[in-house]
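Work through the exercises below with the sequence and the structure in view. Try each task before you read its solution.

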Amino acid sequence: MSNGDHLLIDPLELQFPFELKKQISCSMQLTNKSDDYVAFKVKTTNPKKYCVRPNTGVVVPHSACDVIVTMQAQKEAPPDMQCRDKFLLQSVVVRPGITSKDITPEMFNKESGNHVAECKLKVTYVPPPQPPSPVREGSEEGSSPRASVSDNGTVNQTPEFNFMSKAFNEFHESTSEVKAMISKLTEEKQNAIQQNKKLHQEMELLKRQGNRSHTRLVVPFKYVIIIGLIGILVGYLFKRT
């Protein structure tokens with residue numbers, strides 16, 4: 001934090017975690033510890049590269065204002081990750097009750113006799129934050145979460161341990177249900193095979209009984225025909241005699 005005459009500025013160095021093809025933002029806070037209304041204006045040496053919101057404003061007495069600086073997505077990294085861009089923050093005491101809509105460029109003109117305070121801000125690039133390690137502190141890579149034992153001998157189950165235990169129980173229950181379903185389907189299949197065999201046997205039995213009945217009907221009819229022929233032959237012999 002530095003004293004910009006009228007405002008306290010934090011930080012004095014704008015740090016951007018540089019990444020290609022990605023917009024990056026950082027913020028600074030302007031604090032007014034005086035009893036005066038202070039207007040400010042933010043300038044940069046590369047206005048096409050940065051977007052400042054708000055770039056002008058009024059900080060009322062004993063208050064603070066946050067300024068967001070956004071760097072547009074960059075297609076190439078600068079040599080040696082060095083940035084020569086600069087920012088300039090100007091501040092001036094204004095009459096009470098003034099708002100950001102009332103700010104004019106003449107307020108920051110030193111030639112008009114205004115006491116304009118200026119503070120230069122540097123721009124630096126820093127490495128982007130690294131993602132958290134998937135392996136928690138105190139655990140070994142490739143090992144499963146385990147419960148910890150406290151000094152009094154009780155077991156303190158960690159959230160990872162409880163999660164793994166719950167998952168194991170659910171898997172065991174689902175495995176038991178699958179086994180029971182497979183057993184039931186196998187039993188139903190065996191019953192269906194037995195029913196099919198029984199039905200086939202009954203059909204064979206009915207077929208055999210039908211053949212026997214047909215044979216019983218056919219044999220007496222043959223005897224009738226033979227007897228009729230014998231009767232005709234006997235009658236013919238009697239007529240000749």
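**Exercise 1. Find the loop that holds proline 54, then describe the peptide bond before this residue.**

Step 1. Proline 54 sits in the loop between β6 (50–53) and β7. Strands here are DSSP runs (E, at least two residues), helices are DSSP runs too (H or I, at least four), and both are numbered from the N terminus.

Step 2. Arginine 53 and proline 54 are joined by a cis peptide bond, with omega at about -10 degrees. Most peptide bonds are trans, and most residues other than glycine have a negative phi.

Step 3. Now go to proline 11, in the loop between β2 (7–10) and β3. Aspartate 10 and proline 11 are also linked by a cis peptide bond, with omega at about 0 degrees.

A note on the source: this is a predicted model, where local features need pLDDT of at least 70 and side-chain atom pairs count only at pLDDT 80 or more, while totals for chains, interfaces and linings use all residues. Residues are numbered from 1 along each chain as its sequence is written, and side-chain values use heavy atoms, with hydrogens and water left out.

**Exercise 2. Describe phi and exposure for aspartate 80 and methionine 81.**

Step 1. Locate them. Aspartate 80 is in the loop between β8 (63–71) and β9. Methionine 81 is in the loop between β8 and β9.

Step 2. Read phi. Aspartate 80 has a positive phi near 60 degrees and is not a glycine. For methionine 81, not a glycine either, phi is positive at about 55 degrees.

Step 3. Classify the exposure. Buried means under 20% relative accessible area, exposed means over 50%, and partly exposed lies in between (1.4 Å probe, protein chains only). Aspartate 80 has 69%, so it is exposed. Methionine 81 has 33%, so it is partly exposed.

**Exercise 3. How many salt bridges does the structure hold, and which residues form them?**

Step 1. Count. There are three salt bridges. A salt bridge needs a side-chain nitrogen of Lys or Arg within 4 Å of a carboxyl oxygen of Asp or Glu.

Step 2. Take lysine 22 and glutamate 19. Their side chains meet at 3.5 Å, N to O. Lysine 22 is partly exposed because its relative accessibility is 43%. Glutamate 19 is partly exposed at 29%.

Step 3. Take aspartate 85 and lysine 49. Their closest N and O atoms are 3.0 Å apart. This pair links distant parts of the chain, 36 residues apart: aspartate 85 is in the loop between β8 and β9, and lysine 49 is in the loop between β5 (37–44) and β6. Aspartate 85 has a relative accessible area of 11%, so it is buried. Lysine 49 is buried as well, at 13%.

Step 4. Take lysine 110 and glutamate 118. This salt bridge spans 3.5 Å, N to O. Lysine 110 is partly exposed at 46%, and glutamate 118 is partly exposed at 39%.

**Exercise 4. In what order do the strands of the open sheet lie, and which strands form its edges?**

Step 1. Give the order. Five strands line up as β3-β10-β9-β5-β7, with mixed pairing. Two strands pair if DSSP finds at least two bridges between them.

Step 2. Find the edges. β3 (13–17) and β7 (56–59) each pair on one side only.

Step 3. Add the angle. Neighbouring strands are turned by 25 degrees against each other on average, direction ignored. Axes are lines fitted to C-alpha atoms, for helices over the stretch in contact, and angles run from 0 to 180 degrees between N-to-C directions.

Step 4. Zoom in on one pair. β9 (residues 86–94) and β10 (residues 117–126) run antiparallel and are joined by six bridges. Glutamine 90 has glutamate 118 in β10 as its bridge partner. Strands of a sheet pair through backbone hydrogen bonds, either parallel or antiparallel.

**Exercise 5. Summarise the whole protein chain.**

Step 1. Count the elements. The chain has one helix and 12 strands. Along the sequence, the pattern is β-β-β-β-β-β-β-β-β-β-β-β-α.

Step 2. Look at burial. Of the 241 residues, 20% are buried.

Step 3. Find the helix. Helix α1 covers residues 159–240 and includes valine 234. Valine 234 is partly exposed, because its relative accessibility is 37%.
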